[in-house]
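Got your viewer open and a selection box ready? Here is a short walk through the model, one stop at a time.

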2 protein chains.
Amino acid sequence: MNKPSNTADDILAAARRFIVAGGYNGFSYADIAEVIGIRKASIHHHFPSKVDLVQTLVRRYLEDAVTGMGELERKIPQSPELLRTYTGYWAQCIEDASRPFCVCALLASELPALPPEVAVEVRAYFQFLSGWLAGVIERGVEQGTLTISAAPRVEAEAFMATVHGAMLSARACGDAAAFATIMAPTLQKLIPATD
Amino acid sequence: MNKPSNTADDILAAARRFIVAGGYNGFSYADIAEVIGIRKASIHHHFPSKVDLVQTLVRRYLEDAVTGMGELERKIPQSPELLRTYTGYWAQCIEDASRPFCVCALLASELPALPPEVAVEVRAYFQFLSGWLAGVIERGVEQGTLTISAAPRVEAEAFMATVHGAMLSARACGDAAAFATIMAPTLQKLIPATD
DNA sequence: ACGAAACTACCTACTAGTAGGTAGGAAAGA
DNA sequence: TCTTTCCTACCTACTAGTAGGTAGTTTCGT
């Protein structure tokens, strides 16, 4: 039912790897062309401009996050376990180097220099993630499974910040395990009387 | 007593602004030349290569941090007040847009794509900052002015991560006040029984 | 008159993007 | 069924502009 052509997906995947490594200006059409084995003009066939490419990439990234978080919420009703699974997901991604950084976290860092079409998509991701975390935390408080010291929205922002900062630290000290090490006490502070 | 020539400093200052805005690949010698009103060839006189320029910039950034933190420790012996002052400093910088992001935090995000000479300097900054924070936290625990739930080194890493992540969030939501909002509960969790 | 700091003028390599064409398959009309 | 037409996917070959960097010269302060 779906198009069998996966070149566009290959381009997006390569672009994601490059962006995660070095940001928006850290790669070129030539770089992508080389790793997937086509000419750079062919990339323009799938994505007329670099802005189109990255915009599509980030938009899809957000869509995947929305559906992914939805599934996660369905499977795991308890907030503490939900937060643990979320950070565990990233810990895994960083550990096996499959997705060693969040695309949007990286792009956000260079937001003032980003094309506006891309910037708006990045901002949307942050808004979604922070909103989702706020919801999870709020529910946890209502269930009595989480203890917080500020408003859920603020706690959510702080949690998200720590996740992104922990990615940065893991990268900076070249130690993938650093992410999990940093997140452990952060989770502990939200979850009362665990194991 | 100091050299009256400030062009090299002007170049470094301009480069810092550009890097803070868009990272290592987000600016060119031409960009710097334009804003400070010289030709780009003249920049090569002061900094033969871009690597030299950014390496010098990051090295000086670390030196300034080392002396700055030293002074801070001399002036403020109490750990809670020290952490508050440190985050307050960044809150101020972000608020007045004078230094809306940490140079090394930004460069760390694109670390895999950075020239190795620059990467090593960035890593040194992270090591210093995390070590300094660990010392501050350890002393606070000994003084009984801080309560922690993990080893001082881990708490320090988590604190640093939250600071960097909060910068990112402030940038992403385009609201400078977000930084202080995020840091408030983070500080509160470390400081027991405060007003 | 000497060196530092700036300049003009240039280089090569690479950037995103375009023009125009080709190979092959699907569709559609007689 | 054959042929024309269209489409997708890719190609070669090119453009204008920008990247970092160099060579050689002039300007300026002491």
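**Stop 1: a backbone contact on strand D.** Select B:Lys50 and DNA strand D. A polar backbone atom of B:Lys50 sits 2.8 Å from a phosphate oxygen of the strand. Keep in mind as you go that this is a predicted model.

Now add B:Tyr29. Here too the backbone is what you want to display: one of its N or O atoms is 3.0 Å from a phosphate oxygen of DNA strand D. For a contact made by a side chain, go over to chain A and pick A:Thr7, where a side-chain N or O atom lies 3.0 Å from a phosphate oxygen of DNA strand D.

**Stop 2: everything around strand D.** Widen the selection to the residues within 4 Å of DNA strand D. You should get 17 residues, and the closest are A:Arg39, A:Ser42, A:His46, B:Ser28 and B:Lys50. Both chains show up in that list of closest residues.

Which part of the strand faces the protein here? Of the strand D atoms within 4 Å of the protein, 59% are sugar or phosphate atoms, and the rest belong to bases.

Colour by secondary structure next. Three helices each supply at least two residues of this surface: α3 (40-46) of chain A, plus α2 (29-36) and α3 (40-46) of chain B. The top contributor is α3(A), with 4 residues. Colour by residue class instead and the surface near DNA strand D splits into 8 polar, 6 nonpolar and 3 charged residues.

**Stop 3: over to strand C.** Repeat the selection around DNA strand C. Again 17 residues surround the strand, and the closest are A:Lys40, A:Lys50, B:Thr7, B:Ser42 and B:His46. Sugar and phosphate make up 59% of the strand C atoms that come within 4 Å of the protein.

Three contacts are worth labelling:

- A:Lys50: a backbone N or O atom is 2.8 Å from a phosphate oxygen of DNA strand C.
- A:Ser28: a polar side-chain atom is 3.2 Å from a phosphate oxygen of DNA strand C.
- B:His45: a side-chain N or O atom is 3.4 Å from a phosphate oxygen of DNA strand C.

Which helix gives the most to this surface? It is α3(B), with 4 residues. The helices that each supply at least two residues are α2 (29-36) and α3 of chain A, along with α3 of chain B. By class, the surface near DNA strand C has 6 nonpolar, 8 polar and 3 charged residues.

**Stop 4: superpose the chains.** Hide the DNA and align chain A on chain B. A rotation of 180 degrees with 0.0 Å of shift along its axis does the job, at an RMSD of 0.0 Å. The two copies are therefore related as by a two-fold rotation axis.

**Stop 5: where the chains meet.** Undo the alignment and select the contact between the two chains, which takes 38 residues from chain A and 38 residues from chain B. Of the interface residues of chain A, 100% are also interface residues in chain B, so the copies meet through the same surface. Together the chains bury about 3,000 Å² between them, with 65% of it on carbon and sulfur atoms.

How many salt bridges cross between chain A and chain B? The count is 2. Zoom in on B:Glu155 and A:Lys189, which form a salt bridge with their closest N and O atoms 2.8 Å apart. There are also 5 residue pairs in polar contact across this interface.

Now show the helices of chain A. Those that each supply at least two residues of the side touching chain B are α1 (7-22), α6 (103-109), α7 (116-143), α8 (152-172) and α9 (177-190). Of these, α8(A) gives the most, with 14 residues. That side of chain A divides into 20 nonpolar, 12 polar and 6 charged residues.

**Stop 6: a salt bridge within chain A.** Over all chains the structure holds 10 salt bridges. To see one inside a chain, select A:Glu81 and A:Arg84, whose closest N and O atoms are 3.4 Å apart in a salt bridge. Both residues lie in helix α5 (residues 79-95) of chain A, 3 residues apart, or about one turn of the helix.

Note on methods: Residues numbered from 1 in each chain as written. Chains lettered and ligands numbered in written order. Predicted model: local features only at pLDDT ≥ 70, side-chain atom pairs only at ≥ 80, totals over all residues. Heavy atoms only, no water. Polar contact = N/O pair within 3.5 Å; in protein donor to acceptor, adjacent residues only side chain to side chain. Nonpolar A, V, L, I, M, F, W, Y, C, P; charged D, E, K, R; others polar. Least-squares fit on C-alpha atoms with pLDDT ≥ 70 in both. Contact = heavy atoms within 4.5 Å. Buried area = accessible area lost by both parts, 1.4 Å probe. Salt bridge = Lys/Arg side-chain N within 4 Å of Asp/Glu carboxyl O.
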